[in-house]
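Colleague: I'd like to learn how to read a helix within its fold. Could you take me through one?

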Amino acid sequence: MHKQLTIRPAVEADFPAVARITADSYLSAGYFDDAAHPYMVKIMDVAARAGQATIWVAEREGAVIGSVTLALAGEPYADIALQDELEFRMLVVDPAVQRSGAGKAMVDAILSHAKTLPGIKGVSLTTGQAWESAHGLYRKTGFQRVPERDWFVPGTDTKLLVYRRDL
């Protein structure tokens, strides 16, 4: 039985843990070679991100073990959201506790939240081509690929995949 998980909006005291978990999960998954990568530097500036988007954390026994960033169309952190979608980005779980249900719990909370938002009919996300564990989570939680919306990291040949789930 998994211990109780609380999913709540991040507060400033959470920012160091969010930065650490984001870096640890991206680096341990092999997405980037080191934390000095410009994208890593950007996503580890949690205070700046929190000023422009909604950040949630997953907390178990008083410790932050995961986080996710939410954005609506037109907001700075929305890469792909259509007008009727809530987009989530940077869903991360501390590598020390991955596969403990925290990722699925956060996705379930996002879907529940999206259903309460006026005019929102779906949830969308972008993921890397080789990020197999993420793909498994998204398929398991009812997301489907929308390949016609795939896109490339600007200035690179790195293709990103888009998933959507209707509410």
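Modeller: Here is a walk from the whole chain to one helix and one residue. This is a predicted model, where local features need pLDDT of at least 70, side-chain atom pairs count only at pLDDT 80 or more, and totals for chains, interfaces and linings use all residues. Residues are numbered from 1 along each chain as its sequence is written, and side-chain values use heavy atoms, leaving out hydrogens and water.

Colleague: How many helices and strands does the protein chain have?

Modeller: Helices (H or I, at least four residues) and strands (E, at least two) are DSSP runs, numbered from the N terminus. The protein chain has five helices and eight strands, in the order β-α-α-α-β-β-β-α-β-α-β-β-β.

Colleague: Which residues of α4 are buried?

Modeller: An α-helix has 3.6 residues a turn, so residues three or four places apart point the same way. Buried means under 20% relative accessible area (1.4 Å probe, protein chains only). In α4, the buried residues are Ala102, Gly103, Met106, Val107, Ile110, Leu111 and Ala114.

Colleague: And what does Ala114 touch, not counting residues up to four places away in sequence?

Modeller: Contact means heavy atoms within 4.5 Å. With that sequence limit, Ala114 touches Leu86, Ile120, Val123 and Leu167. Ala114 sits in helix α4, residues 102-115, and has a relative accessible area of 0%. Its C-alpha lies 8.2 Å from that of Glu85, although the two are 29 residues apart in sequence.

Colleague: What share of the 167 residues in the protein chain is buried?

Modeller: Buried residues account for 44% of them.

Notes: Buried < 20%, exposed > 50% of the residue type's maximum accessible area, 1.4 Å probe, protein only.
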